[in-house]
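Thanks for coming. I will take the structure on the screen part by part, starting with the places where empty space is left.

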Amino acid sequence: MKHLIDPMDFSIEELEDLFQLAEEIVDREDDFRQVCANKILGTLFYEPSTRTRLSFEAAMIRLGGQVIGFSSSTSSSVMKGESIPDTVRTVGSYVDIIAMRHPKEGAPRYASKYSPVPLINAGDGGHQHPTQTLTDLFTIRKLKGKFSNLTIGLCGDLKFGRTVHSLIKAISRYENIKFILISPKELQIPQYIKIEILKQNNIPFMEVEKLEDVIHKLDILYMTRVQKERFFNEEDYIRLKDSYILNKEKLKLAKDDLSVLHPLPRVNEISYEVDEDPRACYFNQVKYGMYVRMALIIKLLGVM
Ligand code: CP
């Protein structure tokens, strides 16, 4: 039984297989309408979500399956003190596959050890978000037709931004990837990513504080929100929250074929005026997230 806990749980070949299936679903969705008939997805969301939870639910329903779950720990027996193993064993006896989001880093991995069905990490604290990475990679594949020879700017909260950590891990496996890490000093990428992924694999990267200084070099600009919920001190959040605001003026400095991605939700880091620019790809990214999750459910359930 295969779980998806970390973006590295899928090899490059497995990813390619998954993306080809997602492409087929985009092209002829009607052929997949009954693929998961009689299957049930359980969504265990101990932390808020719009895109991840609803795209998983839409994915299962579009495949002919059904969904049960909770969108907040306050509406489950977690509030009575039920443990993660007992919750997962219980829900796993009702459903065929589980998607779980939790504020504690490592909680989905721990849960997977007790789960009788495939379990998907739908985001764990400031750690990893592998299905967002599948979404990001599928979007890049659609936009650029490749994963190699790209200069990728990651901008914003690189310390707590789990989507950034997962994307760096996954895309570093492709050829000639360069990263430009754009953040305030306090929100720089964690040391373990720098040492264990970038330095150990000789991946070129630079750390800068000003987006305007580097935007002209980028093929992809991946904007992120400052993660309010991970700060211990509100004053620090208020000081840092508007560190970067991408607007039309800054985009004038960028290449014509730049692709602007964002895992969303956005707060203030991309002005609404940018949405009309053809380089703004984040709402396509949202939609691709549903198709890639349809492909993921099919693969983990082994129904095709
Ligand atoms: N990208 C993402 O994880 O969004 P949600 O928090 O809305 O699920």
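**Spaces, domains and two helices**

The second largest cavity has lining residues from both domain 1 (7–128 + 289–301) and domain 2 (131–285), so it lies between the two. Please keep in mind that this is a predicted model. The split into domain 1 and domain 2 comes from a domain assignment of the protein chain. The centres of these two domains, taken over C-alpha atoms, are 25 Å apart. In the contact, domain 1 takes part with 31 residues and domain 2 with 25 residues.

Back to that cavity. Its volume is about 40 Å³. Which residues line the second largest cavity? They are Leu-4, Pro-7, Phe-10, Leu-15, Pro-130, Thr-133, Leu-134, Leu-137 and Ala-170. By class, eight of the lining residues are nonpolar, one is polar and none is charged. Helix α5 gives the largest share of this lining, with four residues.

How many cavities of 30 Å³ or more are there? The count is two. The largest cavity holds about 50 Å³ of space. Its lining is made up of Gly-156, Thr-224, Arg-225, Val-226, Leu-240, Lys-241, Ser-243, Tyr-244 and Glu-269. Here the classes come out as three nonpolar, three polar and three charged residues.

Now the pockets. The largest pocket has about 370 Å³ of space. It is lined by 21 residues, and the closest to its centre are Arg-101, Arg-162, Arg-225, Leu-264 and Pro-265. The elements α2 and α6 each give two or more residues to this lining. Sorted by class, the lining of the largest pocket has four nonpolar, ten polar and seven charged residues. Why is the largest pocket said to lie between domain 1 and domain 2? Because both domains give residues to its lining.

The second largest pocket has a volume of about 200 Å³. Among the 14 residues that line this pocket, Glu-105, Gly-125, Gly-126, Phe-160 and Arg-230 are the closest to its centre. Six of the lining residues are nonpolar, four are polar and four are charged. Domain 1 and domain 2 each supply at least three residues to the lining of the second largest pocket.

Two helices came up with the largest pocket, α2 and α6. I will take α2 now. Helix α2 covers residues 51–62, which is twelve residues. From its first C-alpha to its last, α2 reaches 16 Å, close to the 16 Å expected at 1.5 Å a residue. Which residues of α2 are buried? They are Thr-52, Arg-53, Ser-55, Phe-56, Glu-57, Ala-59 and Met-60. The partners that these buried residues pack against are the strands β1 (40–45), β2 (66–70), β3 (97–102) and β4 (119–124), together with the helices α5 (130–144) and α10 (282–301). Just after α2 comes Gly-64, with a positive phi of about 90°.

In helix α6, residues 162–171, I will pick out Thr-163. Is Thr-163 buried or exposed? Its relative accessibility is 8%, so Thr-163 counts as buried. Neighbours within four places in sequence aside, Thr-163 is in contact with His-129, Gln-132, Thr-133, Tyr-222, Thr-224 and Pro-263. Two of these contacts appeared earlier: Thr-133 in the lining of the second largest cavity, and Thr-224 in the lining of the largest cavity. Thr-163 and Gln-128 are 35 residues apart along the chain, and their C-alpha atoms are separated by 6.3 Å.

Conventions. Residues numbered from 1 in each chain as written. Predicted model: local features only at pLDDT ≥ 70, side-chain atom pairs only at ≥ 80, totals over all residues. Heavy atoms only, no water. Expected span 1.5 Å × (residues − 1). Buried < 20%, exposed > 50% of the residue type's maximum accessible area, 1.4 Å probe, protein only. Contact = heavy atoms within 4.5 Å. 1 Å grid on protein atoms, 1.4 Å probe; cavity = no way out; pocket = protein on both sides within 12 Å on 5 of 7 lines; lining within 4 Å. Points joined across faces, edges and corners; volume = space filled by probe spheres on them. Nonpolar A, V, L, I, M, F, W, Y, C, P; charged D, E, K, R; others polar. Domains from an automatic or database assignment.
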